[in-house]
Every structure is written in C-alpha cells, then in structure tokens.
Amino acid sequence: MNHVPAALTKKPRLVVIGNGMAGMRTVEEILGRAPDKYEITVFGAEPRVNYNRIMLSPLLSGEKEFDDIVINTAEWYQENRIHLFSGDPVIEIDRTRKVVISKSGTETAYDQLLLATGSDPIMIPVPGHKLSGVVTFRDVDDVDTMLKTAANGGPAVVIGGGLLGLEAAVGLQARGMSVTVLHLAGHVMERQLDPSAGYLLAQELGRRGINVITEADTAEIVGTDCVTGVRLKDGRMIPADLVVMAVGIRPNGRLAADAGLTVERGIVVDDVMTTSDPDIFAVGECVQHRGQCYGLVAPLFEMAKSCADHLAEIATDGYAGSVTSTKLKVTGVDVFSAGDFSGGGETEEIVFRDAGRGVYKRIVLEDGRIKGAVLYGDTSDGGWYFQLMKDAQDVTELRDTLAFGQAFAGGSAGNPLDAVAALPDDAEICGCNGICKGTIVSAITEKGLTTLDEVKGHTKASASCGSCSGLVENLLAATLGGDYQAAAVKPICTCTDHDHDNVRRLIKAKELKSMPAVMQELEWKSSDGCHVCRPALNYYLLAAWPGEYVDHGASRFINERVHANIQKDGTYSVVPRMWGGLTNPRELRAIADVADKFDIPTVKVTGGQRIDLLGVKKEDLPAVWADLNAAGMVSGHAYGKSLRTVKSCVGQEWCRFGTQMSMSMAVDLEKMTWGSWMPHKFKMAVSGCPRNCAEATIKDFGVVATDGGWDLHVGGNGGIHVRATELLCKVTTDQEVKEYCGAFIQLYREEARYLERTAPWIERVGLKHVQERVVDDAKNRAALFERFMESQKTAQVDPWAERASQGVDAHEFKSLSLIAAE
Amino acid sequence: MTDIVNWVNVGPVANIPLQGARTFQTETDRIAIFRTLDDQVYALLDRCPHKDGPLAQGIVHGHFVTCPLHNMVFSLETGEAQGPDDGCAAKVELRVIDGTVHIGLTAEQIGLRHAG
Ligand code: SRM
Ligand SMILES: Cc1cc2nc3c(=O)[nH]c(=O)nc-3n(C[C@H](O)[C@H](O)[C@H](O)COP(=O)(O)OP(=O)(O)OC[C@H]3O[C@@H](n4cnc5c(N)ncnc54)[C@H](O)[C@@H]3O)c2cc1C
Ligand code: SF4
Ligand code: FES
C-alpha cells in the first residue's frame, strides 16, 4: 500500500476531495489569504486538471476548445506545491485515523479535510438506460462521447428541457445532428421560466430546427446494443443514435455519508462550511446550507470565500446563503430569471410584452421590493433588477417605469395597432372574402382611402360579416398614422386591449395555437388572464384548431369542467341525452335506479324534453354517469356552450297531420351535432308540420316540415328577449336539412363572439350575410359543412364515459384526505 | 383569526391541479385549497360570503378566484372581494413544507369542543 510521507514541515495538512470548480476556488482563496499555511493535496476523479465546467456547453457546440476552458494548469499546481492526484477518486474517509484512502490505494493523512465532490447527474432508470449511446452531460468525457456520435450526424434525443438539456440540444444541433428535446412539464425550463417565457423560448428553438415535445413521458430507450430510439408512454417512437439524459442533478454526499457525517439532501454545513465533524469542511454542489442545495456557480464562489476565511483563520461573517439568477448560454437567445418570480404572499406583478420584438418581462414585487424577475428577448436589465432585488431596494417610486429598465427606454406597452403592424403582408384579414393585409394596405396607399367604408368598397374587406372591421380600422390607423381616428374597440376584458373579433382573426392569421401564445403575441396585460377572457380564448382556440388544440379545463366554467350544472347549494344536476326527446323503458328504469341508488332528491322533466336529476353530490357524479353509461346514455351537455337539445314532435311517425318524420329527423340531427362546442348554447327543434308543436321557431336552428319538404329557420331565442326565427330557406331532401344545419352551425362557430347566441349574432351581421354563405354559395356551404364534420371527429367523445371509466380529471371528484396529523 | 390548534398534512402540492383547487372536509366545514399558475398554494373556507357558493369550483386566475355562482372575484391572498363588491372569504392558514400542503385548523374543525 502506498503511503504519502508525513510532511517534512510542521504545516497542517489540508486534503481536498474533488478537483472541480468549488474545490479549486476554495484553494485559490486560501492561497490568496495565507499562501504558506497548509500543505495541500487534491484528489480528483477526473483524469485532468481543473476546468470551467459551465463552458462544457460551448465546448460541445464548438465555440471553445478544451485548452480555452482550463482554469488551473498543471504548472499552477506545481508552482503552488499542491499534490494533485487526478484520475484517482477517494473511496473512503477514515475519521478515527484522519486519513483518506483513494482508489489506487493511496492513504493520505489530513488535519483538515475539504469535500468538494459536486453532484451526480440523474439517470432515470427507464428500460434501456444502460445502452451504449445514452449519456449524461456533466464532464469532458460526456462531451467526448457526444462528439464521437455527432460526427456521423443523425438524430439525437435530449431528455429534459431544462438549462442543461437545452444547451446540449443547441450544441448537438450545431454539430449537425437533428435534435428532439423531450420534456415532461408543460413548458421548457419550467423551474426558471414562467409559461409565457417558456413559450417564446420553444418558438425560438423551433425556428432553429430543434423539435421540442412537451408533456413527453419517456417509457423506454430502445436498441439492442446501441440506442436506436426513444419510446414515449403515449406510444410515439423518436429515432435516436444518441440520447442525452439531462433531467437534473443530485448532490454527491456518498463519501460523507459513509464516513458518518450528517447528510440530508446534501452534506449539511454551517455558515463557515463546517460539516458535523469540526475538521471536515464542504463546499459546492455537494452541500446543503440552511436547507438549500445549489446548482450554479455563484453560490459556490461565495461559499469558497467564507470557507477560506475560516481556514485562514480570518474573522468572517460567514456564508449567509445566495439569491441566484440564471441565464441560458445559447448564442442569440436571451433568457434571464432570478429570485422567486412565482409570486405568492402579498405580491403584485408587472408584465410587459412586445410581441413585435419577441420581448417578455415579468417582475414580481412584494412590499415595494423586487422579489423575482423573468426576462425574455431583452435581458439587458437583468443585472439591474437582480441588484435591486439583492439590495431589497424599495422601488415604489420606479414602479410605473420599472418594466422599461434602467435607462427607461420610454414608449408604452403594446396595443392592437402594433399587433396588426407586425402582421406579414400575406396574413388574412378578412376571412369571408379572403383579403390579405398587403392588399388592404396597398389599396389604402394607392387609392388614398381614409375610411372603413372606402376600404370595404374597394377591397371587400369587412364587407361581409364585419368581424374584421376592427382589424381593418387598425390597418387604416397604422398606415395613415395620426390622421386616422379608429372607432373605439371594446376590449374582451381588462387583461387586453383587443376585442373579440380581433382576437379571433389574429389567432388564425398568426397561427396562435395555445393560451400562452395568444397572451404573448397579443400582449395580454396579466400573466394568465381572468374568468372572462380565458373561457373565450379556450373556445376560439378549440374552434380554430380542431383536433390539434388541447382543451384547457382550468379555463372552463365549472359546469363545463365537470360536465354537470352546479346548483345553488353546490350540488349538481345530471341530464342524460334523450335523442330527439325520445326515451324507452330501459333508459327510464336506469334513471329510476340511479335516483334510488344515489338518493337523488329531485327528478324533473325539463323544458328541453328530457329528464333532469337534481341534487347529485359532486363526488357521486362519476358513479352516476357510469350507471347511466351502462344503460347506453351519454351526457346531454345541459351545462355547455354547445349543442343542447333537439326537441321534436311526434310527426308523421304518429300524428294524423304529420307530413315528414320529425322524430327521426330530430334524432339524426342530434346524433350529427352533439358534442360540438359553440360560442353559446345552441338549441334545435323539428316539427312534423306547420302547426309546429316542437316550437321550432324560437330555436337557434328550427326545422318545420311542409308538404314538399322542410322549412329551415334560424336565429330564434326563447329566454329573456324572445325572438322568433327568420326563414333561412326551403329545402326538399333530408340530406339537405343536415348539410344546411351543419353549415349554419359552422358559420356560427367561426364568426360569432363568445357568449353571443345566434339571435344577437344574426341581428348584428344580418340574415343576408348568412344566406349568402349558407344558401346562395353551394361551394361555401359544402366547405362549411366539411369543416363542421371534420371538427366533430374529435368532438364526439362522451365526457361522462371519460370520467366515469377512464379516470379523466379524477382529482375533480375526490376531496383531499388527511395524510397525517402532526 | 381563530387560534390554530393543529396543522394537518393534506398531501403533495402536485395533487392540486394548476389553476385549480381541491377541497378538504373538516368536522365543521369544507376548505378550498387553490394552486395558481405560478405554483402558489392558498386556502379559503369553501364558502362564498355572498350566497355560500363553493369557491373551489371557480376559475382561478392570477392570485384570484371567481365564485362559480355569481362571479364575485376574491383575492386568494387576503380573501377580500375585488372591484365594487364587498365581502371577504375566510382565509385558512396554510404552509408548504417540502412540497406538501399543511393547513391550520381550529379546535372545532378537528372535532374538539372548547372546555367550558
Ligand atoms: C333545466 C331547465 C329548466 C327545466 O327544468 O325545464 C333549464 C334550466 C336552466 N336554464 Fe334554461 N333551462 C331549460 C330550458 C330552457 C328553455 C326551453 C328550451 O330549451 O326549449 C329556454 C328558452 C329557450 C332558449 O334558450 O332560447 C331556456 C332559457 C334559458 C336562458 C335564457 C337564454 C337566452 O338566450 O336568453 C338561460 C340563461 C343563460 O343561458 O344565460 C338559461 C339558463 C338555465 C340554467 C342553466 C341556469 C344556470 O346557469 O344555472 C338552468 C340550469 C338548471 C340546471 O342546473 O339544470 N335558460 N332554458 C331546462 C333544461 C332543458 C334541457 O333539457 O337541457
Ligand atoms: C454543461 C453544464 C453547464 C453549466 N452551466 C452553468 C452556467 O451557465 N452557470 C452556472 O452558474 N452554472 C452552470 N453549471 C453548473 C456548474 O458547473 C456547477 O454548479 C459547478 O461546476 C459545481 O461545482 P462543484 O465543485 O461543486 O462540482 P464539480 O465542478 O462537479 O466538481 C466536483 C468534482 O469532484 C469530483 N469528485 C467527485 N467525487 C469524487 C471523489 N470521491 N474523489 C475525487 N474526486 C471526486 C468530480 O469528478 C468533479 O470533478 C453548468 C454545469 C454543466 C454540467
Ligand atoms: S327560469 Fe330561471 S330559475 Fe328557472 S331554471 Fe331557468 S334560470 Fe333557473
Ligand atoms: S355565492 Fe359567490 S358570488 Fe354569489
């Protein structure tokens, strides 16, 4: 066994385990304070000198070479008479004998011992994680492995869209691989960024050709010897020659724990970095100080100072913990986050968005002081905010201009004008007539147009339904400057300056496909909207991107979220669908059984020709639905901004006056249209003759049989302001009824404002507008109908069945329970 | 504020949906525990001061909740009604320890009667 001879001098022996950033910084600080105080020995597991770990990212991307990132060269160790054992990890600390034992068998005695073992990258133990080609991103060896594979190009997968994962992705992309990032959370870097900034970052990565998949849960890494791909739990396969696991780090406290030191998440230290053994110290990512573990260098450097003060026997205040800030080291991407930007307590937030420049800033204040900040796109003031925050300076005076930064750039937060100004020329402004921005702008400049009516006349833009007139006015204002006074728009709510129509058109024109996308690009003034705008946006997104947009439950009113109507006492009502108002003994028996079994206090026949079970306890809902489902019944959507009922009369099936089969027509229409989300509720009725017993003429879409066919009526409303329908047209075949019905609904879905029923909508746009689109223009009718049927493909899923038997939203129906009383 | 006599652990923060809420039934009433988009957790009695609406069923936005029955908006931080409305929802003490939610309950809520 090797034995390092006891020092010839009487100097105390300092042994350092870990030749990394914190360990060597501490040694440098000690040398700076007391160059001759200790005889220093360093053990490093890595077979090389001390280098700057954070520069591994530029090393990977090719922006740096290894020599560029070395901190202390071999000569430096010699000059400072430090014994370096590199590539020789310590495997044991013997505290009774005060020696450390290394892998090569060296025993080294210490008077003071410094642990700086850093942390270990976490490897999720999914099947296949041991295959060749699966690496972590922690040291030079990892980078070497990545570069070998990258030399052949090919696909790479990075698991983990945090700081490290994204830097790895960008580096591999720069080395010619095509990279997919799999991220478990809803947006990338969720620990440093809020959803808005995460959205912008994902956009930028997308532009660079990096494919980011969020909410991606890895099931397995696939391959026989070498990795060939990654399979997600939802079944998707992503091919990969290289898999980088970058899902987090764990403080490395193994040696310390084996030696009997106090180790919780990390090695527990006090303010001068002493562990539970007064002769043993620890610094860096391996420690836990005042309950905190850190994964960034700034805190480590502060620890190094306090530890060096103590070891050099200089009076010190000790280390008091750190407030950290992060920046992503990707050239051309500016992201900054600091402190606790999540808000909480008595906080308020300042949000600034400039969609044109892709800038987002969110500053969280508490008691007039900055508590945290997230910046994207323009991080020049990051340092300033960070300083204000660390100094806990009162910023009340600065509050109004804080978002503009230290230099107070001036200018106001974005508005609808900027939004249209930023649109590309080929963005469609008028959906009805297919007119693009460029056409309108050139008409304005070339023909000297100054009013909305003139634009309508010359371009047809906003000449139809008029829902784009706000946009056209904004275009006039943006093109003519101060000369044009646009009519005041009525914003959806205080979260935005945009009105409903603007938002709808811009969602399409800018291809906005998520709530954060809309809020960022249209410069929402709050971070996550409110109960007025969120349900509207959810509907607009759902209607614009059927099958693609994922419904956002938290943005729906309770009734639509739990698929039952809330009652005044907090219980719910359950209304199963009775197609066309028809039922049978089996359904009635199931309803009766359910009412008995769950003690449902009221069973009532509704005005919509079906049965309402009132007073159901929320937690019973899934079980009630399961029983109804078992008898073949599905949700009646009595709670939804959606298709409600299709009432019918007994019609030609039974009635002596009936001229058409109204019951079967009602059933067909209900089967075709159920499940469709709409701006407001939508009701239909089918009567078998003009006596109109089904009251079809106060419905949104009413069908009344005649001798030769059907009269189609639209825009009726019972309720507060009774409005009789207007005749849309007359048709002869059953197939026509269905096509006109689907086309009409789709037009309503695409054009009406959220919470606008067909009656006020038709009063606003005029029956003629509807007739032009649905009756006169056969091609357009067919197209509308096709879009409706397309969106129905993903809409007709019984929400009750999903919740009763597939566990969807299970948390809604179960209270929390006690874990343990303290 | 009534004296808190007992902190109870109602499980991980992650069990509460983002921009949503869960409830916890005590001996005397129901408590609504909210989680905001920025991952803060708050608790109020699940009873609107207006007409007893179940606040846990409302839409959560910013650090506010909108009552599902008549749309009054309450601050989750203070319980105060916002805007022109008057009223205050009762706040329940809450703390998060290592990712789990603990709420502070009164003697009555845990089923103890005051002596005398
Ligand atoms: C259950 C029912 C009353 C009944 O017992 O008959 C009913 C109950 C409610 N109606 Fe109704 N309406 C019911 C048929 C009607 C009808 C008649 C019809 O559909 O033929 C009308 C007039 C027709 C119409 O809508 O044009 C009607 C016009 C309204 C209105 C006014 C709508 C309007 O545009 O002015 C509201 C308020 C609203 O939606 O904002 C409303 C709102 C409500 C709400 C949803 C109130 C609420 O928000 O909680 C009630 C829910 C009770 C519950 O929890 O179940 N209900 N309501 C009927 C359910 C029919 C069904 O089977 O789904
Ligand atoms: C790719 C990448 C990019 C990063 N970017 C940033 C950034 O931009 N900003 C930022 O602030 N931070 C960044 N970091 C984090 C930063 O590098 C770490 O916080 C820092 O290196 C931690 O220092 P440390 O000394 O505690 O650990 P390390 O630097 O990891 O040093 C620990 C050393 O101890 C060695 N060791 C472990 N056990 C033993 C043993 N038993 N015997 C001997 N030696 C042992 C290890 O091999 C290692 O060399 C980044 C990290 C990585 C991997
Ligand atoms: S008429 Fe009024 S009270 Fe009756 S169900 Fe309709 S909304 Fe409720
Ligand atoms: S009960 Fe809450 S607003 Fe009426």
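A polar contact here is a pair of N or O atoms within 3.5 Å, and that idea will help you read the first views of this predicted model.

**View 1. Ligand 2 and its polar contacts with the backbone of chain A.**
Start with A:Ala22, where a polar backbone atom lies 2.7 Å from an oxygen atom of ligand 2. Then look for A:Val297, which brings a backbone N or O atom to 2.8 Å from an oxygen atom of the ligand. At A:Ala116, a polar backbone atom is 3.5 Å from an oxygen atom of ligand 2. Taken on its own, ligand 2 has 990 Å² of accessible area, and the protein covers 91% of it.

**View 2. The shell of residues around ligand 2.**
Zoom out a little and you will find 31 residues surrounding ligand 2. The closest are A:Ala22, A:Glu46, A:Arg138, A:Glu285 and A:Lys329. Sorted by class, the shell has 16 nonpolar, 9 polar and 6 charged residues.

**View 3. Ligand 1 among its neighbours in chain A.**
Here 21 residues are found around the ligand, and those that come nearest are A:Gln567, A:Thr606, A:Gly607, A:Lys681 and A:Gly718. Two lysine side chains are worth finding in this view. An N or O atom in the side chain of A:Lys604 is 2.7 Å from an oxygen atom of ligand 1, and for the side chain of A:Lys699 the distance to an oxygen atom of the ligand is 3.2 Å. The backbone takes part too: A:Ile720 has an N or O atom 3.1 Å from an oxygen atom of ligand 1. By class, this shell divides into 2 nonpolar, 11 polar and 8 charged residues.

**View 4. The ring pair of A:Tyr294 and A:Tyr319.**
Over all chains, the structure holds 14 aromatic pairs, and this view shows one of them. The two ring centres are 6.5 Å apart and the planes meet at 75°, so the pair counts as edge-to-face. A:Tyr294 sits in the loop between strand S22 (287-289) and H9 of chain A, while A:Tyr319 sits in the loop between H9 and strand S23 (325-327), so the pair ties together parts that are 25 residues apart in sequence. Both tyrosines are buried.

**View 5. A tilted pair, A:Phe744 with A:Trp761.**
With centres 6.0 Å apart and planes at 55°, these rings make a tilted pair. A:Phe744 belongs to helix H23 (residues 734-751) and A:Trp761 to helix H24 (residues 758-765) of chain A, so the pair links parts of the chain 17 residues apart. A:Phe744 has 0% relative accessibility and counts as buried; A:Trp761, also at 0%, counts as buried as well. Look around them for the wider cluster, in which ring pairs link A:Phe682, A:Phe701, A:Phe744, A:Tyr748 and A:Trp761.

**View 6. Charged ends sitting over aromatic rings.**
At A:Arg691, the charged end sits over the ring of A:Phe657, 3.8 Å from the ring centre. A:Lys37 places its charged end over the ring of A:Tyr38, 5.5 Å from the centre.

**View 7. Chain B and its strands.**
To finish, turn to chain B, which has 9 strands and 0 helices. Of the 116 residues in this chain, 56% are buried.

Key. Residues are numbered from 1 along each chain as its sequence is written. Chains are lettered from A and ligands numbered from 1 in the order in which they are written. This is a predicted model: local features need pLDDT of at least 70, side-chain atom pairs count only at pLDDT 80 or more; totals for chains, interfaces and linings use all residues. Side-chain values use heavy atoms; hydrogens and water are left out. A residue is near a molecule or strand if one of its heavy atoms lies within 4 Å of it. A polar contact is a pair of N or O atoms within 3.5 Å; within protein, one must be able to donate a hydrogen and the other to accept it, and residues adjacent in sequence count only if both atoms are side-chain atoms. Accessible areas come from the Shrake-Rupley method with a 1.4 Å probe; for residues, only the protein chains shown count as cover. Ala, Val, Leu, Ile, Met, Phe, Trp, Tyr, Cys and Pro count as nonpolar, Asp, Glu, Lys and Arg as charged, and the others, Gly among them, as polar. Rings of Phe, Tyr and Trp (its six-membered ring) pair if their centres lie within 6.5 Å; planes under 30 degrees apart count as stacked, over 60 as edge-to-face and the rest as tilted. Helices (H or I, at least four residues) and strands (E, at least two) are DSSP runs, numbered from the N terminus. Buried means under 20% relative accessible area, exposed over 50%, partly exposed in between (1.4 Å probe, protein chains only). A charge sits over a ring if NZ of Lys or CZ of Arg is within 6 Å of the ring centre and within 35 degrees of the ring normal.
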